[in-house]
Amino acid sequence: RDDDDINDVASMAGVNLNEESARIMATNSDLVGTQIQSCKDEPFLAAIPLHKRILETAKKLGITDVPAEVVTFISHATQSRLRAVIEKVTVITQHRMESYKDDEWYEQATDVRSQLKFFEQLERLEKQRKDEQEREILLKAAKSRSRQEDPEQARLKQKAKEMQQQELAQMRQRDANLTALAAIGPRKKRRLEAPGLLTLAGEGAGLGAGSQAGLGTGSPRQYPRQKITRVNLRDFIFYMEQEPAMSHSLLLYRALLK
């Protein structure tokens with residue numbers, strides 16, 4: 001009775017189930033009876049060296065024969081493991097490179113770079129002050145007219161003489177550089193031109209003057225640079241510290257010693 005009700009509803013809607021079934025079979029006739037095969041299984045690692053390495057390890061455990069399916073399985077497992085490691089290390093590197101300067105939910109508490117610059121400036125001023133003091137001492141020693149001079153006084157005079165000669169050589173070198181720059185004249189910036197666009201502008205017969213000028217002086221097309229994620233040793237060390245299987249490994253210990 002249920003089938004009759006369905007047929008009655010289909011007939012009331014003007015649909016013939018037999019015709020629809022034949023039409024579906026005719027449409028998908030090319031798929032009926034076809035055999036679908038997977039792609040060729042290509043191993044990630046070289047099969048022959050990997051097989052030799054597995055055999056060397058297996059002989060220590062008393063295994064003499066390792067089939068090719070095992071080699072392929074280990075190769076795929078290595079590829080999967082390497083992909084997982086690279087993905088995790090990439091995420092760690094991206095987190096390290098994130099900048100929160102423009103984030104409204106963060107405010108800067110310390111600026112280590114400015115502090116280091118301040119200390120470098122202090123060291124530079126201290127060094128400059130010591131150089132000035134040493135220079136004054138050497139100049140005083142060079143101007144002294146004492147007849148009885150001790151070896152220390154003679155050493156200071158010799159050092160003052162060398163310093164004056166060095167300063168004179170630096171001044172001469174600076175004057176020579178300024179003279180050479182004045183003789184060369186101001187540098188002119190080279191215009192960036194695209195040879196392909198110039199040729200197109202010269203050969204186009206149907207282009208107007210404005211379009212030719214635009215093509216001739218246009219800048220070369222700039223392609224977007226691909227963003228590169230650079231992973232360093234510190235990222236790998238952080239990854240190994242988070243992994244339970246590698247947190248106490250010898251590899252992590254060797255990486256920490258580098």
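This passage describes the helices of a predicted model, the contacts between them and the setting of three residues.

The protein chain contains ten helices and zero strands. Read from the N terminus, its elements therefore follow the order α-α-α-α-α-α-α-α-α-α, each entry being a helix in the numbering from that end. The chain has 258 residues, and 12% of them count as buried. Its accessible surface amounts to about 23600 Å², and carbon and sulfur atoms hold 55% of that area. Among contacts in the chain with a separation of 6 or more, 48% join residues 24 or more positions apart.

Three helix pairs are considered in turn. The first consists of α3, which spans residues 47-60, and α4, which spans residues 68-97. The axes of α3 and α4 come within 10 Å and cross at roughly 105 degrees. The two helices are therefore roughly perpendicular to each other. On the α3 side, the residues that meet α4 are A47, L50, H51 and I54. Their partners in α4 are V71, I74 and S75. Sorted by class, the residues of this contact comprise five nonpolar and two polar, with no charged residue.

S75, one of the α4 residues in the contact with α3, can be described in further detail. The relative accessibility of S75 is 1%, so this residue counts as buried, the cut-off for that class being under 20%. When neighbours within four places in sequence are left aside, S75 is in contact with P43, F44, L45 and L50. L50 lies in α3 and is also among the residues of that helix that meet α4.

Helix α4 also packs with α9, which covers residues 233-242. The axes of α4 and α9 come within 9 Å, with a crossing angle of roughly 115 degrees. Because angles from 65 to 115 degrees fall in the roughly perpendicular class, α4 and α9 are described as roughly perpendicular to each other. The crossing of α4 past α9 is right-handed. From α4, the contact involves R81, V85, K88, V89, I92, T93 and R96. From α9, it involves R234, D235, F236, F238 and Y239. The contact of α4 with α9 has six nonpolar residues, one polar residue and five charged residues.

Helix α9 also includes E241. With a relative accessibility of 41%, E241 counts as partly exposed, since the value lies between the 20% and 50% cut-offs. Not counting residues up to four places away in sequence, E241 touches S247, L252 and L256. For one of these partners, L252, the C-alpha separation from E241 is 7.6 Å, and the two residues are eleven residues apart along the chain.

The third pair is formed by α5, with residues 112-143, and α6, with residues 151-184. These helices pack at an angle of about 110 degrees, and their axes are 8 Å apart. That angle makes α5 roughly perpendicular to α6. In this pair, α5 passes α6 in a left-handed crossing. The α5 residues that make the contact are E134, R135, L138, L139, A141 and A142. Those contributed by α6 are Q153, L156, K157, K159, A160, M163, Q164 and E167. By class, the contact of α5 with α6 contains seven nonpolar, two polar and five charged residues.

K140 is also located in α5. Its relative accessibility is 64%, so K140 counts as exposed, the threshold being over 50%. The C-alpha atoms of K140 and K157 are separated by 8.9 Å, and these residues are 17 residues apart along the chain. K157 is one of the α6 residues in the contact with α5.

Notes. Residues numbered from 1 in each chain as written. Predicted model: local features only at pLDDT ≥ 70, side-chain atom pairs only at ≥ 80, totals over all residues. Heavy atoms only, no water. Axes fitted to C-alpha atoms, helices over the stretch in contact; angles between N-to-C directions. Helix = DSSP H or I, 4+ residues; strand = E, 2+ residues; numbered from the N terminus. Parallel < 35°, antiparallel > 145°, perpendicular 65-115°, else oblique. Left-handed = near helix turned anticlockwise from the far one by under 90°. Contact = heavy atoms within 4.5 Å. Nonpolar A, V, L, I, M, F, W, Y, C, P; charged D, E, K, R; others polar. Buried < 20%, exposed > 50% of the residue type's maximum accessible area, 1.4 Å probe, protein only. Areas by Shrake-Rupley, 256 points an atom, 1.4 Å probe, with all protein chains shown as cover.
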